[in-house]
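Student: I have a structure to study today. Can we go through it with short questions and answers?

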Amino acid sequence: MKHRSGLIALLAALAAVLIGAQATSAGAAQEGKRAVFVQTNQPAGNQIAVYDRAADGTLSSAGTYATGGNGGAALPGTESDRLASQGSLVYDSEHKQLIAVNAGSDTVSVFRVQGDQLTLEDVLPSGGQFPAGVGVHDDLAYVLNSGGAGTVQGFRVTKDGLDSIPGSARSLGLANTDPPNFLTAPGQVGFTPDGRQLIVTTKASGSTIDVFQVDHDGLLSATPVANPSATPVPFAFTFGAGGRLVAGEAGASSLTTYRIGQDGTLADPKSQTDGQVALCWVERVGGFYFVSNTGSNTLSSFRVAGNGRPVLVNAVAANTHPGPIDLASSGHFLYAETGLTSTVDEFRVGDDGTLVSIGTVTGLPPGIEGIAAK
């Protein structure tokens, strides 16, 4: 009997190990899933639509999650770009969190991301009016509030969400309404790659690129250095080699790069138009920079030369559904939201920067804005 009892105990232990291994394997498989997130931005209840990304880049629906807040629309309210910004939905890969703005309720939502599944962790005040964008670096996040004078509000990123930093709010000194006009609302907030500076574009409010210094305690300089943009209406931005700023400027439909000084001044601007209408959003994929031309229903592609000069690769790298806005990339795939038809156009990025259409996501509600990829 003792031998039999021992055998039963051994088999039970082996079964427990096997079940644990299977659970671990399933968890790893779930975590390894590639996903794309789309913000519906609905005034009656904002949601995040999740899509699985297949190996060929195509997307399939994997669920929808309420943010606990409401979407919004900049004035007049019917434009393709309802939030008038880039970065309204941000995936923080370090903390495995998705941060979304709720412009209609002046709040920010934080989700825990596990594979293609979301868990709402926190909904908290944005620190201002009409939150429209988020910038994250390490354990620090700043939310861009576009309404009224415009503010940036700081938060600590924790394992459970965001904690507001007392005394971190800084005014942009604008004169917007709430909601703001889409032309005069600031365009994007984001950190330099080293995290030492925070950048805000003001669009037509002054056509400036504001640069704050970031202290070791996460607080910003009292005021930013307000740099006039090389061409009018600076909107979205990313970064190139050596931390050079790469900005989309809508007024001349141009891509402009700048060297960022330690004191916050921008120098050595180099611009190139794509010959399209309203170049606003920009996304880097490898060595190429893709931009959305919302007035032309096209995407254009650029490279940036060693001296910082943008080089137009293809003025019409792809045609899109009407009103292309936010862009996101995952591997060698590019995804473009279209605000007038509420679709997501899917493209494969070739080694030479060409775009090949591989499909379109439909069925989303009017007014979508905000896209991010894992």
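**Loops, core and overall shape**

Tutor: Start with a proline. Proline 76 sits in the loop that links strand 3 (59-66) and strand 4 (89-92). Keep in mind that this is a predicted model.

Student: Is the peptide bond from leucine 75 to proline 76 cis or trans?

Tutor: Look at omega for that bond. The angle is near 0°. The peptide bond from leucine 75 to proline 76 is therefore labelled by that angle: a value near 0° is cis, as given for this bond.Student: Where is proline 179 found, and what is omega for the bond from aspartate 178 to proline 179?

Tutor: Proline 179 is in the loop between strand 12 (170-171) and strand 13 (188-191). The bond leading from aspartate 178 to proline 179 is cis. Its omega is near 5°.

Student: Is asparagine 41 buried or exposed?

Tutor: Find asparagine 41 in the loop between strand 1 (35-39) and strand 2 (47-53). Its relative accessible area is 2%. The cut-off for buried is under 20%. So asparagine 41 is buried.

Student: Which residues does asparagine 41 touch, leaving out those up to four places away in sequence?

Tutor: Some partners have numbers in the forties, seventies and eighties, and others are numbered in the three hundreds. The full list is Asn46, Gln47, Gly71, Gly72, Arg82, Leu83, Gly367 and Glu369.

Student: How far apart in space are asparagine 41 and arginine 196?

Tutor: In sequence, 155 residues separate asparagine 41 from arginine 196. In space, go from C-alpha to C-alpha. The distance is 31 Å.

Student: What is phi of asparagine 41, and what is phi of aspartate 106?

Tutor: Neither residue is a glycine, yet asparagine 41 has a positive phi, and aspartate 106 has one too. For asparagine 41, phi is near 55°. For aspartate 106, phi is about 55°.

Student: Is aspartate 106 buried, partly exposed or exposed?

Tutor: Aspartate 106 lies in the loop between strand 5 and strand 6. Its relative accessible area is 27%. Partly exposed runs between 20% and 50%. So aspartate 106 is partly exposed.

Student: Which residues of the largest nonpolar core touch the most other members?

Tutor: In soluble globular proteins, nonpolar side chains tend to be buried together. The largest such core here has 19 residues. Those touching the most other members are Val108, Phe130, Val134, Phe155 and Leu162.

Student: Which elements give two or more residues to this core?

Tutor: Each element on the list is a strand. They are strand 5 (97-102), strand 6 (107-114), strand 8 (131-137), strand 9 (140-145) and strand 10 (151-158).

Student: How many strands does the whole protein chain have?

Tutor: Count the secondary structure along the chain. There is one helix. The strands come to 29.

Student: Why is the chain called as compact as a globular protein of its length?

Tutor: The globule rule gives 21 Å for 374 residues. The chain's radius of gyration is close to that, so it is as compact as a globular protein of that length. The radius of gyration is 22 Å.

Student: What share of the 374 residues is buried?

Tutor: Buried means under 20% relative accessible area. Across the 374 residues of the protein chain, the buried share is 53%.

Terms used. Residues are numbered from 1 along each chain as its sequence is written. This is a predicted model: local features need pLDDT of at least 70, side-chain atom pairs count only at pLDDT 80 or more; totals for chains, interfaces and linings use all residues. Side-chain values use heavy atoms; hydrogens and water are left out. Helices (H or I, at least four residues) and strands (E, at least two) are DSSP runs, numbered from the N terminus. The radius of gyration is taken over C-alpha atoms; the globule rule is 2.2 Å times the number of residues to the power 0.38. Buried means under 20% relative accessible area, exposed over 50%, partly exposed in between (1.4 Å probe, protein chains only). A nonpolar core is a set of buried Ala, Val, Leu, Ile, Met, Phe, Trp, Tyr and Cys residues joined through side-chain atoms within 4.5 Å. Contact means heavy atoms within 4.5 Å.
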